[in-house]
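Below are a few points for a colleague who has not looked at this structure before. They take up the largest pocket and then the metal site.

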Amino acid sequence: MAALLEASNLEAYYGWSKVLHGLRFAVEKDKVTVVLGANGAGKTTLLRAISGMIRTGGEIRFAGERIDGQAPEDIVRRGIAHVPEGRGTFINLTVEENLRLGAYVRKDKTGIREDLDRVFHFFPVLKEKSRNPAGVLSGGEQQMLALARGLMLRPRLLLLDEPSLGLAPVLVMELFRIVRAINESEGVTVLLVEQDAVAALELAHQAYLLETGSIVTSGPAAELRENDSIRRSYLGY
Ligand SMILES: Nc1ncnc2c1ncn2[C@@H]1O[C@H](COP(=O)(O)OP(=O)(O)OP(=O)(O)O)[C@@H](O)[C@H]1O
Ligand SMILES: [Mg+2]
């Protein structure tokens, strides 16, 4: 099993305060990997560390090459798309303008039109509303827009920060169904961080559990679903 992304002894800092304490994990190519953790566990920080947005220690390798310490735009150019917490859509731009921004580092302008059609196929509601300002979309639609914008990079690796946040359970299922379809039909590898353990373990192949900046459990998602302490603490049964 080949890892597309690998981290070893990964640390991350805000100023002098260390928030990730020497993590080791791997994201297998063509798979969906989830990192579960409660509020403040360090999930967002983990994605920021991969994207080069904060100071890190240790090693991060993408497709075999070191990327730690590189500038965020260089990491994006390698094909790592980060869909941030809280969506980060531009509310005064139209849906289509937001989507085109997702492709800003790409040079193949003709491919971009094709990819707009591709994402409209996954998200028909965005096609309907392509000329509306993003600000008038519902929360769930904005979450879809954020994900669709990430896809416009034609990423090899998609980093998703709590896409379920604030969505009704039925919408979470719908969004995760689309993530799975993207993973399976487009060959996009996914690293998802989530608090919604039930939905995320259903979607993912591999899982890690993060507690106060350290990985405490890992394994195939199906195994973590059966793990007693995870059931008690995160699955609620
Ligand atoms: N910009 C920042 N400056 C300083 N400390 C921060 C900053 N962002 C996060 N932290 C701290 O880092 C730790 C991990 O935060 P992080 O945002 O990664 O958690 P999280 O797992 O994403 O939580 P949530 O589920 O609430 O989004 C927390 O203790 C938090 O207070
Ligand atoms: Mg977070």
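1. The model is predicted. In it, domain 1 (1–79 + 159–237) and domain 2 (90–154) each give at least three residues to the lining of the largest pocket.

2. The space in this largest pocket comes to about 420 Å³. Its lining is made up of 19 residues, and those closest to the centre are Val76, Ala81, His82, Tyr104 and Arg149.

3. Which elements supply two or more residues to the lining of the largest pocket? They are helix H2 (72–77), E6 and helix H6 (139–151). The largest share belongs to E6, with 4 residues.

4. Sorted by class, the lining of the largest pocket holds 12 nonpolar residues, 5 polar ones and 2 charged ones.

5. The magnesium ion (ligand 2) has two protein donors, Thr44 through OG1 and Glu85 through OE, at 1.9 to 2.3 Å. These donors join distant parts of the chain, being 41 residues apart. Thr44 sits in helix H1 (residues 43–50), while Glu85 belongs to the loop between strand E6 (80–83) and helix H3 (95–101).

6. Are the two donors of the magnesium ion buried or exposed? Thr44 has a relative accessible area of 14%, so it counts as buried, the cut-off being under 20%. Glu85 is partly exposed, because its relative accessibility of 38% falls between that cut-off and the 50% above which a residue is called exposed.

Conventions: Residues numbered from 1 in each chain as written. Chains lettered and ligands numbered in written order. Predicted model: local features only at pLDDT ≥ 70, side-chain atom pairs only at ≥ 80, totals over all residues. Heavy atoms only, no water. Donors = N, O, S within 2.8 Å, 3.2 Å for Na, K, Ca; no water. Buried < 20%, exposed > 50% of the residue type's maximum accessible area, 1.4 Å probe, protein only. 1 Å grid on protein atoms, 1.4 Å probe; cavity = no way out; pocket = protein on both sides within 12 Å on 5 of 7 lines; lining within 4 Å. Points joined across faces, edges and corners; volume = space filled by probe spheres on them. Nonpolar A, V, L, I, M, F, W, Y, C, P; charged D, E, K, R; others polar. Domains from an automatic or database assignment.
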